[in-house]
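Hello,

Here is the structure I promised to pass on to you. Have a look at it first, and then read on for what I found.

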Amino acid sequence: MAKGFDRQKNILDFTLSSLLRRKWKNLALASVYTLVVFLLASVMFFSYAIKREASILLANAPEITVQRLLAGRHSPVPLAYLDRIKDIAGVQAIRGRLWGYYFDPVVGANYTLVVPESGAPENGTIRVGAGVARARSLLAGDMIEFKTAAGDILELEAREFFSADSELVSSDLVLLSADDFLAISGGAADMVTDIAVGVRNPRELATVAEKIAARLPDTRVILREEILRTYDAVFNWRGGLLVIILAGAMLAFIILAWEKASGLGPEERREIGILKAIGWETSDVLLMKFWEGMAVSLSSFFFGLLLAYIHVFTAGSGLFAPVLKGWSVLLPEFRLVPYIDAAQVAALFFLTVVPYSVATIIPAWRASIVDPDSVMR
Amino acid sequence: MLIELRDVRKVFHQGKPNEFVAVQGVNLWIEACRATVIKGPSGSGKTTLLSLVGCMTRPTSGRIEILGREVSSLPERFLTGVRRETFGFIFQHFNLVKGITALENVMLPAYPSGENHAALKRRALDLLDHFAVAAKAQSKVEKLSGGEAQRVTIARALINDPFVIVADEPTAHLDTRLAQEFMETMARLKEQRKTILIASHDPIVCDSPIVDRVVLIRDGRVEGEAR
């Protein structure tokens, strides 16, 4: 047991000296390796953390949302629909919501206008998200001009800004009163944008949804779980898209690894011949090559992972944010809460360390079966 | 009898257009604790014969026995074990591993044996000290002079405390003084009951008083003995 341990230790010791002898070659290899791990891990960390953030925020979303469809498009829902849902067994709470989008030609961005359920701003005032405040360089008390549906200008005073904690969903948000919303959107007073429904027993969700759909055939009933699934799909799709782009980098890396790590030069072949001549077995040489590969790949893997962690969770994911965060001009600026999925890290490990090992082990084996008498000739 | 070769033949590139018979029908006995020189011109098969004796390569046909144990058909793993425990090699071009220190070079053959690193280091330093190169222990081998490199090579050959020292043209790259110094070292090792087997055609080696036996070889065959 102790002998086996000492054998590993001795060979590892020699491996590390070997690595230092070819430090430039190994450094170049480790740098590219680290870069690949950094890019992949950044995408992974980012998309998972943002999905998790979105799910946490959506936890407060209504269990069921009812939208009215007209010619397949989302259209305002009459207030009368609320009464028709209210008496369905299992429905606990119901309210009509007013929200919509507004394009601000000054900054070329879309705002999300929302009338909050409670504590709505007074008429003539708004509360805005940090993205809007940044885009318009707003200070508390500044006025923003909105164009109403009738073509008039409506000036609203920005009273408050949201804190950065909720920037993922609030970046482009403008909270305003129902009157101001109706003036800007041109909606009717007896209409709402959609209906939020609360259900007493979560197991009855599907039944309640079915009943609403049956009672109001011109509506679309959306469950919170479906929204979560959509978020998942969107971020997975975006993350996947980036990973596909990065696959090119991966391929280039594998080629480089093959070239650099496996392309044993005559000097290395001669060395293997010497080692075998002085009493090393093929398995000892393979063990040395294994440790060599592990030293390069593990250190690069963990260093790349660490850099990705810093990039995503402390440096605002500068490299990928525009692709992964959203479609809005008002990109949220926020710090993601560190969240690492062990299974993802394991997957990344197998995507990087295993191809590297495969790329190096076969040529190393070929070199290690060299006849020891080759050094005599 | 320490080593016995019976009708040993070695063919390279067998069955190919460049087939070459390096050793043919050699019968040879190497006695323990004696110094034997294999003498012959370049290309006579000296090095191949040393490789066969030193378990570095297997014969195409024939039998090789070491201490009565047939080794020519052993699998590579066992053959390596026999090589590591029985032989210490001194190569013509030293064959030290560049980029690492003299000390690490001396320790290298013992790494796979699983000896404790600190104990192994002590033994290697003792050997370097014995051959008066302890001061160069931490020097990279490419910085060593020819004589120093030769002594490091001898120390490396002795690290596993082998029965047999196998040296291939050990004086080919040494001046007369260093060649004589090498033979003096071999004399001391012989006194320590090591078996010495040298391939050489250098008169300093062949005519040395420590040599007990000179086997003449030409065209891969043993032609006789000069001493």
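To get our bearings, how many helices and strands does chain A have? There are twelve helices and twelve strands in chain A. Please keep in mind that this is a predicted model. Chain A runs to 377 residues, of which 33% count as buried. Among its contacts with a separation of 6 or more, 82% join residues 24 or more positions apart.

I spent most of my time on H12(A), which covers residues 342–368, and on two helices that pack against it.

The first partner I would point you to is H10(A), residues 282–313. The axes of H10(A) and H12(A) come within 9 Å and cross at roughly 155°. Angles over 145 degrees count as roughly antiparallel, so H10(A) is roughly antiparallel to H12(A). Their crossing is right-handed. On the H10(A) side, the contact is made by A:Thr282, A:Val285, A:Leu286, A:Lys289, A:Gly293, A:Ser297 and A:Phe301. H12(A) answers with residues including A:Phe349, A:Val353, A:Tyr356, A:Ile361 and A:Trp365. By type, the residues of this contact are nine nonpolar, seven polar and one charged.

The other partner is H2(A), residues 23–58. Here the axes lie 11 Å apart, and the packing angle with H12(A) is about 155°, which means that H2(A) is also roughly antiparallel to H12(A). This crossing, too, is right-handed. From H2(A) come A:Val36, A:Val37, A:Leu40, A:Ala41, A:Met44 and A:Tyr48, and they meet A:Gln344, A:Leu348 and A:Thr352 of H12(A). Seven residues of the contact are nonpolar and two are polar, with no charged ones. If you have the viewer open, look at A:Thr352: this residue takes part in the contact with H2(A) and also in the one with H10(A).

Now for the neighbouring chain. Which helices of chain A each supply at least two residues of the side that touches chain B? They are H1 (2–21), H9 (266–277) and H10. H1(A) gives the most, with eleven residues. Altogether, 27 residues of chain A are in contact with 28 residues of chain B. The chain A side divides into ten nonpolar, five polar and twelve charged residues. H10(A) therefore turns up twice in this email: it packs against H12(A) and it supplies residues to the side that touches chain B.

Happy exploring, and do write back with any thoughts.

Best wishes

Notes: Residues numbered from 1 in each chain as written. Chains lettered and ligands numbered in written order. Predicted model: local features only at pLDDT ≥ 70, side-chain atom pairs only at ≥ 80, totals over all residues. Axes fitted to C-alpha atoms, helices over the stretch in contact; angles between N-to-C directions. Helix = DSSP H or I, 4+ residues; strand = E, 2+ residues; numbered from the N terminus. Parallel < 35°, antiparallel > 145°, perpendicular 65-115°, else oblique. Left-handed = near helix turned anticlockwise from the far one by under 90°. Contact = placed C-beta atoms within 7 Å. Nonpolar A, V, L, I, M, F, W, Y, C, P; charged D, E, K, R; others polar. Buried ≥ 20, exposed ≤ 12 C-beta atoms within 10 Å, placed from the backbone.
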